[in-house]
Amino acid sequence: MNQSRRRIMLSALSLTMALSMLATPFANGNTAYALKDSERHEHIALAANALKVQAPHIQYDIQGTLNVQERTITASQTVTYRNSSKDKLDQLVFRLFADANRSKETQTSMFESNNAEIAKENPRISAEEFLGGIDILEVKDAATGQVLAYKNENQALTIELPQSLQTNSEIKLNMKYKTKIPYGMQRLSEYKNLFNGAHWFPVVSVYNEKTHSWAKEPYSKQFETDYYEVADYNVSLNVPEKMVVAMPGSLSETKAGEGRKIVTAKADNTREFVFFASEKFKKASKTTNGITVEYFYLNENNDPKKDQVIEQYLDHVAEVLSFFSDKFGPYEYPEFRVVESYVQGVAVEFSRLVQMGAINANAVPADDSVLVHEIAHQWFHSIIGNDSEHESFLDEGFADFAMCYFYEKQGNRLSGFNAIRLSTGAVDQKINSTNEETASMWNLLYYQQGRTALYELYRTVGEEKFDAFMLEYFKRYAYKNATVEGLLQTIEDQLGKEVRDLMDKNINQPNYELNPKFQMSEQEMQEYMKLINLQMYDGVLSGYPDLPKQTMINLIHKAMHGEPVAIVLADGVGKKAQEQQQMLVEGLNQMFAMNSVKPLIVTERQAVKQQLESTLAKSNVIVMGHSNKNAFIQALKPQLIKKAAEAAFPWKETMKTPNVYGAYGLVHPYNKDRVIVHYFWTGDQVSAQGEEQFLSKAPYKTMAVTNNFYQYMVYKQDGTVLNEKYTYNPLVEKFAE
């Protein structure tokens, strides 16, 4: 790969990351190829028949009481476990992921920065309050009442059975426990009186017949360790009467006296069970194609626009569920829920329910690519399970590919397959790596490269064969746990040994890179970057409708929308000043090149005079250098001083101050719809310190959407601020993180 291509790709990737953080993707369109209707209906019918399986071999009956003040759940549960393996079992193992909250050293790092900010905002909250855990109080054989011995070690509860459990035999256990819920942000936590309830009870581990062992790893510090069998749940949660509770399954309520109530959920054939509870929740619902979509959301100010956008979200979720049901196999549950919470930067998938961050009243549901990804997890995590400690590619790679597949069929040029075709380049690590092996590269390996390997499979065999393969994969593993080996075997059976070997190589060997024939061309990359950049600027600046016209970022935004740009250099300057002007030009051209903008560059005074009332009057103008040596400034000096006064920029005072430098923006005196930006210095040249700190970064500092929105900035020779005016942009802190 040549270096220019790599630079383009890296720039686009950074912008793509920004887009996903801003959640500002993309537009609708229409569908391309598909199986014939009769063939598709037959495939889906076969997949649906795969769901008619015997009842899960695990049943939970749980009664819990939530103490809001103490942030605890006191509960008892009866677990019925049928040994579906061929081995006789002397032990039963439960995962106690709530114990990951025993110490900061074992808590997931995903929420560390969030909790650090919360701690700053709430200095009275002790560090211990950000911790939690689960205490097992009792384990008995339900049939005999015998107290059973157990060992609680490293988030795994190993229970010694009173006698060996034979194949297809059952045992019923009674358990009592108390769970401490941490303050702040975790999968299990409470913040602003909203309870996130994942991992709050002991969950039966997965038994591996091949290794004759139970999964016992503690919850991943850097990523996810969600590995469960489907089960039937009957859960009753005693909560304050005003609390609104979201859980998977069919929900009902009964009064419990003394200002409390019991919310009961019946959720059969469900991979995992979570709850969310808050007195602030509002709920909207809509039934489409037999599935009731519910959105639990926060609207403390009762903004009618927020209520309206949530209604739009219901339609969007229904559309996504329908698409994935058609492509991957039926969503057989009667309901699907989305919960808004205070979690920031991380959306989380659960069975029949997903947790999202805050929803803005001006949000565009069709653009919420993160939600599409989380909905895809209903197929690749919930219905088709996997060991996310050792084979996370099977859920994250598939969910991210599914997200792009959905947008591709919406005619979305940004978030569809183009997002995959912008290859990330080779990484010296295999896609099918464990959490421990990936270290901090899980996003690159599981999500980006994982979806890319699936896209290559899709392109290699074609859409029709790929869709048929996906329905077969669903048929084999719906409500079971898939493995990479099982995936490869399905590929071989459906698509042939050669295709299997290709996929095996792509995911199980390091340095995978998308086949060049499926990658973007240079021209396609340039166009893609332009679209990404424009989407970013439009999305961010739409949130600042009152931004003053002279704000410097407006110039590049106007250029992105096709308005002309001219750069006027000072002439008759020394060699060093010429070099510094050229440094600025190069930096600006890099920004313009990503948006296919080609500015006119003018230096000679005669050319400036000739174009002053024609080309330069119609253009957004970037001016450089000392005000006395730039023909554009000299020609319009009285008008510019007037415009500066209107913008509250002390033009005369600043230009008379020795050895300062900076930039300012003004409305063009000849055209109220155009902007002027002047990068200036009042000495013969900028100091060496100023050159390093300002000139090399000036285009980014003045016009990047991830910086504050400056009207002007003035620096002393040593680089300290003399004067500045800007509108604060919270993205500055996000990108600093």
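**Close-up 1. Strand 30 and strand 31 form an antiparallel hairpin.** In this predicted model, strand 30 covers residues 709-715 and strand 31 covers residues 721-727, and six bridges join the two. One pair to look for is Val714 with its bridge partner in strand 31, Asn723. Five residues lie between the strands of this hairpin, and here Gly719 takes a positive phi near 95 degrees.

**Close-up 2. Strand 20 is largely enclosed by the rest of the structure, because six of its six residues are buried.** The strand runs over residues 335-340. In a regular strand, side chains alternate between the two faces of the sheet. Here Glu335, Arg337 and Val339 point one way, while Phe336, Val338 and Glu340 point the other way. Both sets are buried, the Glu and Arg residues included.

**Close-up 3. Strand 20 pairs in the parallel sense with strand 19 and with strand 22.** Five bridges link strand 20 to strand 19 (residues 291-298), and four link strand 20 to strand 22 (residues 353-356). Val339 is a handy landmark: Phe296 stands opposite Val339, and in strand 22 the bridge partner of Val339 is Gln355.

**Close-up 4. Strand 19 and strand 20 pair in the parallel sense, with helix 4 on the path between them.** From strand 19, the chain passes through helix 4 (residues 304-328) before reaching strand 20. Take a moment over the hand of this β-α-β crossover: it is left-handed.

**Close-up 5. Four strands make an open antiparallel sheet in the order 5-6-3-10.** Strand 5 (150-153) and strand 10 (203-204) are the edge strands; each has a single partner strand, so one side of each is left without a neighbour in the sheet. At the strand 10 edge, the partner is strand 3 (residues 89-95), and two bridges hold this antiparallel pairing. Follow Phe94 across to strand 10 and you will find its bridge partner, Val204.

**Close-up 6. Helix 15 has buried residues along one side.** The buried residues of helix 15 are Ala577, Gln580, Gln581, Leu584, Val585, Gly587, Leu588, Met591 and Phe592. They cover an arc of only 165 degrees around the axis, so they sit on the same side of helix 15. Turn to the other side of the helix and you meet Lys575 and Gln590, which are exposed. The length of helix 15 also checks out: at 1.5 Å a residue, its 19 residues (575-593) should span 27 Å, and the end C-alpha atoms are 26 Å apart, which agrees.

Technical notes: Residues numbered from 1 in each chain as written. Predicted model: local features only at pLDDT ≥ 70, side-chain atom pairs only at ≥ 80, totals over all residues. Heavy atoms only, no water. Buried < 20%, exposed > 50% of the residue type's maximum accessible area, 1.4 Å probe, protein only. Pairing = 2+ DSSP bridges. Right-handed = clockwise from strand over helix to strand, strands pointing away. Expected span 1.5 Å × (residues − 1). Arc of directions from axis to C-beta.
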